[in-house]
Amino acid sequence: MIVKNFGILASIDWNSNEWKAAPTAEDLSNSNFGYVVENGLTYTSLNFAHEIYPPDSKGYYFGLLPQLWSRMPDKEKSRFVEVVFIKSQNWSNKANYIVGFYAFPQFEKCRKPSPLKDFTNEFELNVKAFPKDIHLLKNKIDLNTHPDFNKFLPSGKELGKQGYNYLTRDNVFKILDALTFLNPDDKKLSGIKLRLLQSIDKKK
């Protein structure tokens, strides 16, 4: 029996400016990503700045998932993936949160000029989606304390520290339900959730 992965749970470094602007100096120096600490820079600064900066000519907005840069998703394992949930560890309290997601993502490595005046490097990017399918959550899931955490990952799996987790249909649905419970008035979330459920059920 083929196990279909409908989601991915990946990590990014913490940004006190909610990934809409450059992180603080404290964010950089306290990051749990060695590259960020050693180099004092990150390419995830604008992962959720999709309502500030324009998409590309085809309508896609790009972000970076650091764990996927060196090991992009296996084409066979990721062929059914419909959503990438993004988690981050807040260095001030060591809690891991699901902070947002890219629905209906595509994975493509590229580099693009920085729109930030104080950041002269090109941005390294590897995931894209339409802005309507990218969402930063107001109320984030605390993975350290959530009572249904053991239902968010496949049986026997733990949170990936250096890698990322593939998610089953049930995992994706459980996470979406938890997000809805925490954000009951979030119309964009409910709209994306409906489209995800419909799309995933067609592929199950």
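Serine 88 stands opposite tyrosine 97, a residue of strand 4. In this predicted model, strand 3 spans residues 83-90 and strand 4 spans residues 95-103. The two strands run antiparallel and are joined by eight bridges. The points below treat strand 3 with its partners, then the open sheet of strands 2, 6 and 5.

**Strand 3 and its pairings**

- In the hairpin of strand 3 and strand 4, four residues lie between the strands, and lysine 94 adopts a positive phi near 65 degrees.
- Strand 1 (residues 7-12) runs parallel to strand 3, and six bridges join them.
- Isoleucine 8 has valine 84 of strand 3 as its bridge partner.

**Burial of strand 3**

- Strand 3 is mostly covered, with eight of its eight residues buried.
- Val83, Phe85, Lys87 and Gln89 point one way from the strand, while Val84, Ile86, Ser88 and Asn90 point the other way; all are buried.
- Ser88, the residue opposite tyrosine 97, is thus placed in the set that also holds Val84, Ile86 and Asn90.

**The open sheet**

- Three strands, in the order 2-6-5, make up an open sheet with antiparallel pairing.
- Strand 2 (61-63) and strand 5 (106-112) each have a single partner strand and stand at the edges, so one side of each lacks a neighbour in the sheet.
- From one strand to the next, the twist averages 45 degrees.
- Strand 6 (residues 123-129) pairs with strand 2 in the antiparallel sense over three bridges.
- Tyrosine 61 has alanine 129, in strand 6, as its bridge partner.

Key: Residues numbered from 1 in each chain as written. Predicted model: local features only at pLDDT ≥ 70, side-chain atom pairs only at ≥ 80, totals over all residues. Heavy atoms only, no water. Pairing = 2+ DSSP bridges. Axes fitted to C-alpha atoms, helices over the stretch in contact; angles between N-to-C directions. Buried < 20%, exposed > 50% of the residue type's maximum accessible area, 1.4 Å probe, protein only.
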